[in-house]
Amino acid sequence: MLYPNFRFLTRQQFIYLNFCLLIMLKAIILIGGPIKGTRFRPLSLELAKPLFPVAGFPVIYHHIEACSKVPDIKEVILIGFFQPNDALTRFINSAQMEFKIQIRYLQEYTALGTAGGLYHFRDQILAGQPDHFFVMNSDVCGDFPLKEMLQAHRKRVKGSYCTILGIEATRQQSLNYGCIVENKDTHEVLHYVEKPETYISTTINGGVYLFSPEIFQPLEHIFKQNLDSKYSCKEGRFDVFGFDPNVSTSEVIRLEQDIFVPLASSGKLFVYDTKRFWSQIKSTGAAIYANRHYLAIYQTTHKDRLAANGEGKPKIIGDVTIHPTAQIHPTAVLGPNVSIGKYANIGEGVRVRESIVLEGATLQDHSCVLYSIIGWNAVVGSWTRVEGTPNDPNPNKPFAKIEVTSIFTNDGKLNPSITVIGSNVQIPSEVVILNSIVLPDKSLSGSYKNQIIL
């Protein structure tokens with residue numbers, strides 16, 4: 001690296017150089033806790049959803065990788081209420097070594113809402129006096145434009161608190177998200193409504209934010225307001241929030257309703273719009289959808305992660321990632337949009353498409369897996385077909401997002417979805433498993449269709 005000769009710098013150049021050297025950013029990833037991820041079961045019974053592998057890496061790995069590309073981010077903080085565990089510790093240690101960035105986990109004593117954890121750990125976040133800090137929800141995935149958000153935020157008027165990542169949605173689907181009305185010239189947020197009952201705007205909240213430290217002023221105001229309400233409006237055993245009074249509900253702060261709604265039209269809240277890939281990961285079907293898009297992103301960012309055709313190798317169609325420890329028979333056909341995990345064993349003549357095969361799983365000879373997730377150490381017998389139904393956005397509607405459907409229909413039947421095979425499940429040869437969810441440690445004896453196998 002070439003260092004400037006300070007003797008020949010003007011006073012303005014010296015001040016600017018010192019400013020550049022002192023710039024410090026942080027990133028906070030909100031990972032939730034064990035009461036979340038119910039639509040991700042049975043997979044979340046084995047592994048926390050933020051650590052579930054999509055396109056060969058845990059969901060939050062993609063967040064951290066995006067953060068590592070912003071030069072001035074010095075620390076990534078994970079906030080949630082999971083108990084510390086070996087899987088999380090191993091992930092943090094591995095990510096720190098790979099990205100050469102400090103990563104820490106801060107555990108909430110209970111669920112504190114989307115902003116309560118930020119306020120609770122404010123001293124940790126503000127340590128080192130960061131100029132700005134990103135906040136990212138762990139249940140979103142995408143081609144995150146963090147550098148562009150930072151450039152836009154720095155151009156705002158002095159005193160702006162926050163820039164929200166804005167995503168375009170359809171009119172109908174926008175009702176399921178936080179909706180943003182913006183000034184198209186200045187991109188100031190004029191109106192914000194969380195999950196409105198009627199149409200407000202097709203610009204929705206993408207769950208990624210860039211804050212200035214001044215955001216803790218309205219957070220402190222809400223905290224004190226909640227504290228006053230708790231002590232002045234308590235009735236009987238339960239306070240106005242409906243929580244047990246032994247829990248400090250003053251610390252439960254909702255970023256969307258408590259902060260964004262009152263900040264709209266104040267000149268302190270802005271939006272950065274992007275048309276890059278973005279989706280929520282609320283369900284197992286969304287994991288398959290996210291897997292497809294992250295693999296497509298690898299075409300431009302990490303082509304080395306994608307498998308290629310060659311002599312003695314399986315036939316690859318489209319985007320496929322295979323862990324180096326996996327054993328794949330050369331007559332197998334994989335793809336498009338397939339991820340094969342550690343120590344997986346794929347037999348002769350196997351066909352896999354639009355699926356995720358997790359660590360240690362075995363697909364015996366001539367089995368077929370379509371639109372499915374095969375759990376850890378599960379075994380699919382020879383000549384067996386495991387198939388699900390994709391839940392993709394409507395291709396005929398621009399900006400359509402993946403639908404988050406309930407598990408059951410109104411008449412109590414299982415909604416068609418991808419098939420999910422839990423860990424250590426044994427599926428016999430020559431059967432068909434269609435649109436079903438199989439909980440861990442089951443040994444099936446036949447074919448199943450549209451069932452949850454407990």
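This briefing walks through the confidence, one helix, several strands and a few notable loop residues of the structure above. The model is a predicted one, and the protein chain averages a pLDDT of 86. Two open sheets of seven strands appear here, one with the order 14-17-20-23-26-29-31 and one with the order 15-18-21-24-27-30-32. Helix 4 gets a closer look, with its buried residues lining one face.

**How far to trust the coordinates**

- In the protein chain, 86% of the residues score a pLDDT of at least 70.
- Helix 1, residues 11-22, has the lowest mean pLDDT among the elements of the chain, at 50. At the other end of the scale, strand 22 (residues 362-363) has the highest, at 98.
- Across residues 14-21 the pLDDT is below 50, and this stretch makes five contacts in the model beyond near neighbours in sequence.
- Residues 232-247 also have a pLDDT below 50, and there the model shows 18 contacts beyond near neighbours in sequence.
- A friendly caution for such places: where pLDDT is low, the predicted coordinates should not be read in detail.

**Helix 4 and its two ends**

- Helix 4 covers residues 86-99, 14 residues in total. From the first C-alpha to the last it reaches 20 Å, close to the 20 Å expected at 1.5 Å a residue.
- Which residues of helix 4 are buried? They are L88, F91, I92, A95 and F99.
- Looking down the axis of helix 4, the buried residues fall within an arc of 100°, so they line one face of the helix.
- As background, an α-helix has 3.6 residues a turn, so residues three or four places apart point the same way.
- D86, R90 and M97 are exposed, on the other side of helix 4.
- The cover over the buried residues of helix 4 includes strand 3 (57-58) and helix 3 (59-68), along with strand 4 (73-80) and strand 5 (102-107).
- At the N-terminal end, N85 acts as a cap for helix 4: one of its side-chain oxygens lies 3.2 Å from the backbone nitrogen of A87.
- Just after helix 4 comes K100, with a positive phi of about 55°, although K100 is not a glycine.
- K100 sits in the loop between helix 4 and strand 5. Its relative accessibility is 71%, over the 50% cut-off, so K100 counts as exposed.

**The hairpin of strands 9 and 10**

- Strand 9 (178-182) and strand 10 (189-194) run antiparallel and are joined by five bridges.
- Is strand 9 mostly covered or mostly uncovered? It is mostly covered, with four of its five residues buried.
- One opposing pair in this hairpin is C179 and V193, the latter in strand 10.
- Six residues lie between the two strands of the hairpin, where H187 takes a positive phi near 65°. H187 is not a glycine either.
- H187 has 28% relative accessibility, a value between the 20% and 50% cut-offs, so H187 counts as partly exposed.

**The two seven-stranded sheets**

- Strands of a sheet pair through backbone hydrogen bonds, either parallel or antiparallel.
- In the sheet with the order 14-17-20-23-26-29-31, pairing is parallel. Its edge strands are strand 14 (315-316) and strand 31 (448-449), each pairing on one side only.
- Within that sheet, strand 26 (residues 385-387) pairs with strand 29 (residues 432-434) over three bridges in the parallel sense. V386 has I433, in strand 29, as its bridge partner.
- The sheet with the order 15-18-21-24-27-30-32 is parallel in its pairing too. Strand 15 (320-322) and strand 32 (452-453) are the edges, and each pairs on one side only.
- Strand 30 (residues 437-438) runs parallel to strand 32, with two bridges between them. The bridge partner of V438 in strand 32 is I453.

**Loop residues around the sheets**

- G310 is found in the loop between helix 10 (284-301) and strand 14. With a relative accessibility of 34%, G310 counts as partly exposed.
- G310 and P330 are 20 residues apart along the chain, and their C-alpha atoms are separated by 9.5 Å.
- What kind of peptide bond joins G335 and P336? It is a cis bond, with omega about 0°.
- P336 belongs to the loop between strand 17 (333-334) and strand 18 (338-340).

Note on methods. Residues numbered from 1 in each chain as written. Predicted model: local features only at pLDDT ≥ 70, side-chain atom pairs only at ≥ 80, totals over all residues. Heavy atoms only, no water. Pairing = 2+ DSSP bridges. Buried < 20%, exposed > 50% of the residue type's maximum accessible area, 1.4 Å probe, protein only. pLDDT = per-residue confidence, 0-100. Contact = heavy atoms within 4.5 Å. Expected span 1.5 Å × (residues − 1). Arc of directions from axis to C-beta. Polar contact = N/O pair within 3.5 Å; in protein donor to acceptor, adjacent residues only side chain to side chain.
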